[in-house]
Amino acid sequence: MSKCDSEVEFERSWNEMILEGNLQTHEWLGDLYKIRSKWSTAFNKEYFSMGILSTQRSESTNNVCHGISKPTSSITECFLGLEKIITNWRRNEQDEDHKCSQSEIVPVIRSSSILKQAARFYSRKLYSFFEEEFLQGVGGMSIDFVSNDSSKFLVNHTENKDQSNPWVVHFDASDCTIQCTCKKFETMGLLCCHSMRVLRQLDIVKIPEKYLMMRWSAKARKSFYSGYGCLGKGSDSGSGFIFRNHISRFAYQISTRAQGNELAEQYMLGAMKDMAENIDLLVDGKMTNSNLISKSKSRAAPVSAFKDPQKRRPKGISNARLKGYWEKKKQKSTFYLRFNCVLTAL
């Protein structure tokens, strides 16, 4: 179900199982084999799944539902319990973000440039996964074969080589592209231990930027809610959902800022009309990117002739520094002390 790294390995393991158990006429296994692409991870290596299976999702959902409700619970009680669980999740996420921003990760090998780079980029949890892959690759993997141009590597375990199949790692030195047959990066977004072993073999001391996904960084939450600024950074920024999310937030922020200003509203409506026309031309192939850039430079934004009035301090407000709580309390206690002394003298 999940131990085969390729379709070829799955077919070979399946045939060995059928022959060993003499199950050629087994009806249930035959039907299961017809839908093998739905339950075997070997046929879904091209999809970004973060290693989560459908059974894990259903089990996690059942666990949450069983913890907040009972068979005799009403809809209102279930909703309140779910709201409490979501609040706890958000609080834990905020606590983790605070820890990532206020504490530094100390690599287990302080002289490793790759671990230092990963410690500065990844969150605490993802760094622990990355560090495990790095140590496994450097200490637990060996290279059995290297091509003449150093573009193909066969990586295997240092122990029990006869009981495992080697992984094939391809490396392109022109753009620092590395691909492994286990396809951990395609499914999880982290470089695998086999790729780490190849990088160590080639004396590469820095992770290529294309393999640092923004979703796993310590600043992912801040960048996600900062608008359009982080688009184009990271290898997962081109997905449709993330693109639409950033564009929607960016457009909402601009429309909120322009609301109430007639000139800003008119300019925004005109710019959106021109943008829609240019996008249609780009999609239809009637305009190139260079033509679009030259056209946008030739267009100047209207400048308002009105200036903000000069800011002055209102009457009745002193220029003195605002006093704090303890200063006010000290003055009040001094006043009462003097008043009591006057009364005693009288």
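**Exercise 1. Lining of the largest cavity**

Determine how the lining of the largest cavity in this predicted model divides by residue class.

Solution.
Step 1. The lining consists of Ile178, Gln179, Cys180, Lys183, Lys184, Phe185, Glu186, Leu191, Cys192 and Ser195.
Step 2. Sorted by class, these residues comprise 5 nonpolar, 2 polar and 3 charged.
Step 3. Two elements, β4 (177-180) and α8 (184-188), each contribute at least two residues to this lining.
Step 4. The volume of the largest cavity is about 60 Å³, and the structure holds 1 cavity of 30 Å³ or more.

**Exercise 2. The loop residue Lys183**

State where Lys183 is placed, and whether it is buried, partly exposed or exposed.

Solution.
Step 1. Lys183 sits in the loop that runs between β4 and α8.
Step 2. Its relative accessible area is 25%. Buried requires under 20% and exposed requires over 50%, so Lys183 is classed as partly exposed.
Step 3. The phi angle of Lys183 is near 55°, which is a positive value in a residue other than glycine.
Step 4. Lys183 also belongs to the lining of the largest cavity.

**Exercise 3. A second positive phi angle**

Locate Asp203 and assign its accessibility class.

Solution.
Step 1. The position of Asp203 is in the loop between α9 and α10 (220-224).
Step 2. Its phi is near 60°, again a positive value in a residue other than glycine.
Step 3. The relative accessibility of Asp203 is 58%, so the residue counts as exposed.

**Exercise 4. Cysteines and disulfides**

Establish how many disulfides the structure contains, and explain why Cys182 is in none.

Solution.
Step 1. Searching the whole structure gives 0 disulfides.
Step 2. For Cys182, the nearest cysteine sulfur belongs to Cys180 and is 3.5 Å away. A disulfide needs sulfur atoms within 2.5 Å, so this pair does not qualify.
Step 3. With a relative accessible area of 9%, Cys182 is buried.
Step 4. Cys176, by contrast, is partly exposed at 33% relative accessibility.

**Exercise 5. The largest nonpolar core**

Identify which members of the largest nonpolar core touch the most other members, and which elements build the core.

Solution.
Step 1. The core has 34 residues, and those touching the most other members are Tyr122, Phe130, Ile178, Leu191 and Ile207.
Step 2. Two or more residues come from each of α6 (113-121), α7 (124-140), β1 (141-146), β2 (152-157), β3 (167-172), β4, α8 and α9 (193-201).
Step 3. Helix α6 gives the largest share of this core, 5 residues.
Step 4. Another core, of 7 residues, lies apart from the largest one and includes Phe10, Trp14, Ile18 and Phe43.
Step 5. Beyond four places in sequence, Phe130 touches Ile114, Leu115, Ala118, Tyr122, Leu190, Met196 and Ile207.
Step 6. As general background, nonpolar side chains in soluble globular proteins tend to be buried together.

**Exercise 6. Two buried helix residues**

Give the helix, accessibility class and contacts of Leu199 and of Gln117.

Solution.
Step 1. Leu199 is part of helix α9. Its relative accessibility is 1%, so it counts as buried.
Step 2. Leaving out residues up to four places away in sequence, Leu199 touches Ile178, Leu191 and Ile204.
Step 3. Between Leu199 and Ile114 the C-alpha to C-alpha distance is 9.9 Å, although the two are 85 residues apart in sequence.
Step 4. Gln117 lies in helix α6, and at 8% relative accessibility it is buried.
Step 5. With the same exclusion of residues up to four places away, Gln117 touches Lys206, Ile207, Glu209 and Leu212.

**Exercise 7. The largest pocket and the whole chain**

Describe the volume and lining of the largest pocket, then summarise the chain.

Solution.
Step 1. The largest pocket encloses about 1100 Å³ of space.
Step 2. Its lining numbers 35 residues; Thr41, Lys45, Ser49, Gly51 and Leu53 lie nearest the centre.
Step 3. Elements giving two or more residues to this lining are α3 (36-39), α4 (54-68), α7, α8 and α9.
Step 4. By class, the pocket lining has 14 nonpolar, 12 polar and 9 charged residues.
Step 5. The chain has 14 helices and 4 strands, and 24% of its 346 residues count as buried.
Step 6. Of the contacts between residues at least 6 apart in sequence, 47% join residues at least 24 apart.

Terms used:
Residues are numbered from 1 along each chain as its sequence is written. This is a predicted model: local features need pLDDT of at least 70, side-chain atom pairs count only at pLDDT 80 or more; totals for chains, interfaces and linings use all residues. Side-chain values use heavy atoms; hydrogens and water are left out. On a 1 Å grid over the protein atoms alone, a cavity is a set of points where a 1.4 Å probe fits but cannot get out, and a pocket is an open set with protein on both sides within 12 Å along at least five of seven lines; lining residues have an atom within 4 Å of a point. Grid points are joined across faces, edges and corners, and a volume is the space filled by probe spheres set on the points. Ala, Val, Leu, Ile, Met, Phe, Trp, Tyr, Cys and Pro count as nonpolar, Asp, Glu, Lys and Arg as charged, and the others, Gly among them, as polar. A nonpolar core is a set of buried Ala, Val, Leu, Ile, Met, Phe, Trp, Tyr and Cys residues joined through side-chain atoms within 4.5 Å. Buried means under 20% relative accessible area, exposed over 50%, partly exposed in between (1.4 Å probe, protein chains only). Contact means heavy atoms within 4.5 Å.
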